[in-house]
Amino acid sequence: MDLADLLEDLLDEQASLDDVVAPLGDSGWDLPTPSPRWSVSDQIGHLCYFDRAAALAIRDPEAFSTEAGRLMEASLVSETSGDDFTLGEFRSLAPAERLERWRQGRAELAEAAGTLGERDRVAWYGPSMGAKSFVTARLMEAWAHGTDVCDTVGGHREPTHRLRHVAQLGCITRAWTYINRGQPVPETDVRVELTAPSRETWTWGDAGAAGGNSVTGPALDFCLVVTQRRHVADTALEVTGEHAADWLSKAQAFAGPPTDGPSPARERREPAQTARSRS
């Protein structure tokens, strides 16, 4: 897939979440989501802040570096200071204004991303990223945080071919999951075979992976696990082999410090307080 098609998929993914959020009344924006301390408004505010940061990173890498430094400094003050920095202004807006601000941020990102070439790299919070990976990461964020919103308000987004981007990111970040935790990266490959919404099969990894390490099942379930929105035990995934099981127990397809996904549903006493990452 070329960069233009990938950008179109990003816009479609954002629009699918807009369809869920736009009809919400004021009280809907304030509902608590599975991420501790975060409301529906905060989920959208997070997307808005980082979409605009992404646009800035493309347009003006030096200005982005300065802004990223400010965020890192703010985040060191307290447990909630990073949220205050990224969400404070958004929280002060009326719900209708929040929706419009998010839409403006998406438009800024689309315009900036439209100037990228296939081989360009973009500065981010850590190593720079290739243009395609950068746009894919924004799509993954929209889908993952959209999942939190849908879980909260009972919204529905039909699974589409766009899940392939999230699954691809989940597979290529397997090594990152270990590096981020300061752990050695396993040398054993894991075969991933997923059933797409269209019923075709998407595959990654060596078909003859040592020890038969493999993950098979619905693409939607795999995406929910690697973005830490579901525990693997609450999905229809079939996981074979020690290395495959270990990976999915900690898979993290997003940047930031290592986090743990939700515990199995049977172990939860207070579902509303289940830990959820803030990719």
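This report walks through a helix pair, some salt bridges and two unusual backbone angles in a predicted model.

**Two helices side by side**

Let's start with helix packing. Two packed helices are described by the angle between their axes and the distance between the axes. Here the pair is H3, covering residues 40-59, and H7, covering residues 131-153; their axes come within 9 Å and cross at roughly 170°. Angles over 145 degrees count as roughly antiparallel, and H3 and H7 are therefore roughly antiparallel to each other.

On the H3 side, the contact is made by Val40, Gln43, Ile44, His46, Leu47, Phe50, Asp51, Ala54 and Ile58. H7 answers with Phe134, Arg138, Glu141, Ala142, His145, Asp148, Val149, Thr152 and Val153. Sort the residues of this contact by character and you get 10 nonpolar, 4 polar and 4 charged.

**Salt bridges**

Now for the charged pairs. Side chains of opposite charge can pair when their charged atoms come close. The structure holds 18 salt bridges, and the table picks out a few of them.

| Pair | N to O distance |
|---|---|
| Arginine 103 and aspartate 18 | 2.8 Å |
| Arginine 101 and glutamate 89 | 3.0 Å |
| Glutamate 118 and lysine 132 | 3.3 Å |

Take arginine 103 and aspartate 18, whose side chains meet in a salt bridge. This pair links distant parts of the chain: arginine 103 sits in helix H6 (residues 95-113) and aspartate 18 in helix H1 (residues 3-21), 85 residues apart. How do the two ends fare for exposure? Arginine 103 has a relative accessible area of 33%, so it is partly exposed. Aspartate 18 comes in at 8%, which means it is buried.

Next up, arginine 101 forms a salt bridge with glutamate 89. Arginine 101 belongs to helix H6 and glutamate 89 to helix H5 (residues 81-91), with their positions 12 residues apart in the chain. Is arginine 101 buried or exposed? With a relative accessible area of 18%, arginine 101 is buried, since the cut-off for that label is under 20%. Its partner glutamate 89 is exposed, at 54%.

The side chains of glutamate 118 and lysine 132 also meet in a salt bridge. Glutamate 118 lies in the loop between H6 and strand E1 (121-124), while lysine 132 is in helix H7, so the pair ties together parts that are 14 residues apart in sequence. Glutamate 118 is partly exposed at 40% relative accessibility, and lysine 132 is partly exposed at 33%.

Salt bridges also link up into a network here, joining Glu13, Arg157 and Arg162.

**Two positive phi angles**

Last, a look at the backbone. Arginine 199 is not a glycine, yet it has a positive phi of about 80°. Where does arginine 199 lie? You'll find arginine 199 in the loop between strand E3 (191-195) and strand E4 (201-204). Its relative accessibility is 66%, so arginine 199 counts as exposed.

Glutamine 228 isn't a glycine either, and its phi is positive too, at about 60°. This residue's place is in the loop between helix H10 (219-226) and strand E6 (238-240). Glutamine 228 has a relative accessible area of 2%, so it is buried. Put the two loop residues next to each other, then: arginine 199 is exposed, whereas glutamine 228 is buried.

Note on methods:
Residues are numbered from 1 along each chain as its sequence is written. This is a predicted model: local features need pLDDT of at least 70, side-chain atom pairs count only at pLDDT 80 or more; totals for chains, interfaces and linings use all residues. Side-chain values use heavy atoms; hydrogens and water are left out. Helices (H or I, at least four residues) and strands (E, at least two) are DSSP runs, numbered from the N terminus. Buried means under 20% relative accessible area, exposed over 50%, partly exposed in between (1.4 Å probe, protein chains only). Axes are lines fitted to C-alpha atoms, for helices over the stretch in contact, and angles run from 0 to 180 degrees between N-to-C directions. Angles under 35 degrees count as roughly parallel, over 145 as roughly antiparallel, 65 to 115 as roughly perpendicular and the rest as oblique. Contact means heavy atoms within 4.5 Å. Ala, Val, Leu, Ile, Met, Phe, Trp, Tyr, Cys and Pro count as nonpolar, Asp, Glu, Lys and Arg as charged, and the others, Gly among them, as polar. A salt bridge is a side-chain nitrogen of Lys or Arg within 4 Å of a carboxyl oxygen of Asp or Glu.
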